[in-house]
Amino acid sequence: MLATRGYAVKSPSSKFEPFNFERREPGPNDLLIEILHCGICHSDIHQARDEWGGSIFPMVPGHEIVGRVTRVGSDAKRFKAGDLAGVGCFIDSCRTCASCKEGLEQYCEIGPNFTYNSREKDGKTPTYGGYSSQIVVDENYTLKVSPKLPTANVAPLLCAGITTYSPLRHFNVGPGQRVGVVGLGGLGHMAIKLAASMGAEVTAFSTSKSKEQDARRLGAHEFIMTKDPKALATHAGRFDFILDSVSAPHDLNAHLNLLRRDGTLVMVGVPPKLLDIHAFSLIPKRRKLAGSMIGGIRETQEMLDFCAAKNITSDVEVIPIQQVEAAYERVLKGDVRYRFSIDMKTL
Ligand code: NAP
Ligand code: ZN
Ligand code: ZN
């Protein structure tokens, strides 16, 4: 077994502390990856604080991982020692269900083995994520990362990037379409960059006036304050597609009302509480409300290659691991531009 250092929480109310644990010896298809950077996703906070229920403790969060391959299993063919590698939200899946066969492992019918707060294939061993020195992952669940882009800024693509890229692609967002992005955090700022790069006309919806200039720099054509009900009413019926990345309870009806006939609102944010939806927010314009979860391995690679070709990365604030607790508090206040990326050298 491989002695590994990390940062963990022991319960929903405890603070992060150093945590030593063991990773398996790499098998024939495995890679051993020394972690360079790991992003802080709001899902880390929801799960570390058990806001969705069923969290497994101690928990080492982190599913926006970029690192360097240090050891390669005897049958692994796609990577060699020294390569950069990415690991996202899951590290395995059943590989045989219809979703896995289609490359949609995130929707595995048995349930993917998530990178943390989950179990390994044996159904017993807890998985520990990227707030750690190294990780062992099957090469089939590992992504190629271009050396062209800085690893601190690439790490958030492994969740925030793919979670926004996948629905934009699935719903064919492109030129001539008016797209709204609600919530300018880690996911939202990537959604603006990606939708704009796909040729859509993008409008940012935010509760933070201070993010207006950034939104325009990221590629938004318009910026609308959601706290102003008149502003929302003025834009009713204008949008083809809306991506909602808000992490807390909010008025979904006000956002559905922005859609034109046959428009679609996709939820990617996961507020821990139920949201109220009035049927009349959907019925009169045959609107659609959908959800989307991260992306499969094939599409995640496509997204990373797309971002490398277009020089798209996440805007990050790099922090030492010792500041993870303070970073969580700042994410909760919306005080991050736009993702924290942990420098794992500091561990
Ligand atoms: P984040 O960086 O904290 O961004 C969330 C943004 O939502 C904030 O920056 C803020 O934007 C807005 N917001 C926060 N509280 C609000 C409130 N009470 N009312 C209205 N707006 C509010 O979080 P993230 O990492 O982007 O994640 C966003 C959500 O997506 C989380 O719930 C996370 O668990 C979920 N997620 C889902 C998937 C998936 O596969 N579907 C993957 C990753 C994450 P403004 O300041 O602009 O208002
Ligand atoms: Zn995430
Ligand atoms: Zn499956």
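Helices here are DSSP runs of at least four residues, numbered from the N terminus, and Lys310 sits in one of them, helix H9. The model is a predicted one. With a relative accessible area of 44%, Lys310 is partly exposed, because anything between 20% and 50% falls in that class. Along the chain Lys310 and Leu194 are 116 residues apart, yet in space their C-alpha atoms are 9.8 Å apart.

H9 itself covers residues 297-310, 14 residues in total. From first C-alpha to last it reaches 20 Å, close to the 20 Å expected at 1.5 Å a residue. Quite a list of its residues is buried: Ile297, Glu299, Thr300, Gln301, Met303, Leu304, Phe306, Cys307 and Ala308. As background, an α-helix has 3.6 residues a turn, so residues three or four places apart point the same way. The buried residues of H9 pack against two strands, E6 (90-92) and E9 (143-144), and against helices H3 (151-154), H4 (160-170) and H5 (186-197). Right after H9 comes Asn311, with a positive phi near 60°.

On the other side of H9 in sequence, Met293 belongs to the loop between strand E15 (288-291) and H9. Its relative accessibility is 32%, so Met293 counts as partly exposed. Met293 also takes part in a nonpolar surface patch with Leu104 and Tyr107, and together the three have about 230 Å² of accessible area.

H4, one of the packing partners of H9, tells a similar story. Nine of the 11 residues of H4 are buried, so the helix is largely enclosed by the rest of the structure. The buried ones are Ala160, Gly161, Ile162, Thr163, Thr164, Tyr165, Ser166, Pro167 and Leu168. They pack against H5, H9, E13, E14 and strand E17 (339-343). Just after H4, Asn172 has a positive phi too, at about 55°.

Next, the metal site. The zinc ion (ligand 2) is held by Cys41 through SG, His63 through NE2 and Cys159 through SG, at 2.0 to 2.2 Å. In sequence these donor residues follow the spacing C-x21-H-x95-C. Cys41 lies in the loop between strand E3 (30-39) and helix H1 (42-48), while His63 lies in the loop between H1 and strand E4 (65-72), so the pair ties together parts that are 22 residues apart in sequence. Cys41 has a relative accessibility of 3% and so counts as buried. At 7%, His63 counts as buried as well.

That leaves the charged pairs. Side chains of opposite charge can pair when their charged atoms come close. Across the whole structure, a search finds 26 salt bridges. One of them joins Glu325 to Arg49, with the closest N and O atoms 3.8 Å apart. Glu325 is in helix H10 (residues 324-332) and Arg49 in the loop between H1 and E4, so this bridge ties together parts that are 276 residues apart in sequence. Glu325 counts as buried at 19% relative accessibility, whereas Arg49, at 26%, counts as partly exposed.

A second bridge pairs Glu222 with Arg238, the closest N and O atoms being 3.2 Å apart. Here Glu222 comes from strand E12 (residues 222-225) and Arg238 from the loop between helix H7 (229-234) and strand E13 (239-244), so the parts tied together are 16 residues apart in sequence. Glu222 is partly exposed, with a relative accessible area of 22%, and Arg238 counts as partly exposed at 23%.

Strand E13 brings in another pair: the side chains of Asp240 and Arg260 meet in a salt bridge at 2.4 Å, N to O. Asp240 lies in E13 and Arg260 in strand E14 (residues 259-267), so the bridge links parts that are 20 residues apart in sequence. E13 and E14 are also among the elements that the buried residues of H4 pack against. Asp240 counts as buried at 16% relative accessibility, while Arg260, at 32%, counts as partly exposed. Beyond these pairs, Lys193, Asp214, Arg217, Asp315 and Arg337 are linked in a network of salt bridges.

Note on methods. Residues are numbered from 1 along each chain as its sequence is written. Chains are lettered from A and ligands numbered from 1 in the order in which they are written. This is a predicted model: local features need pLDDT of at least 70, side-chain atom pairs count only at pLDDT 80 or more; totals for chains, interfaces and linings use all residues. Side-chain values use heavy atoms; hydrogens and water are left out. The expected span of a helix is 1.5 Å times one less than its number of residues. Buried means under 20% relative accessible area, exposed over 50%, partly exposed in between (1.4 Å probe, protein chains only). Contact means heavy atoms within 4.5 Å. Patches are made of residues with over 30% relative accessible area and no salt bridge: like charges are joined within 9 Å, nonpolar side chains (Val, Leu, Ile, Met, Phe, Trp, Tyr) within 5 Å. Accessible areas come from the Shrake-Rupley method with a 1.4 Å probe; for residues, only the protein chains shown count as cover. A salt bridge is a side-chain nitrogen of Lys or Arg within 4 Å of a carboxyl oxygen of Asp or Glu. Donors are N, O and S atoms within 2.8 Å of the metal (3.2 Å for Na, K and Ca); water is not among the atoms, so sites may look incomplete.
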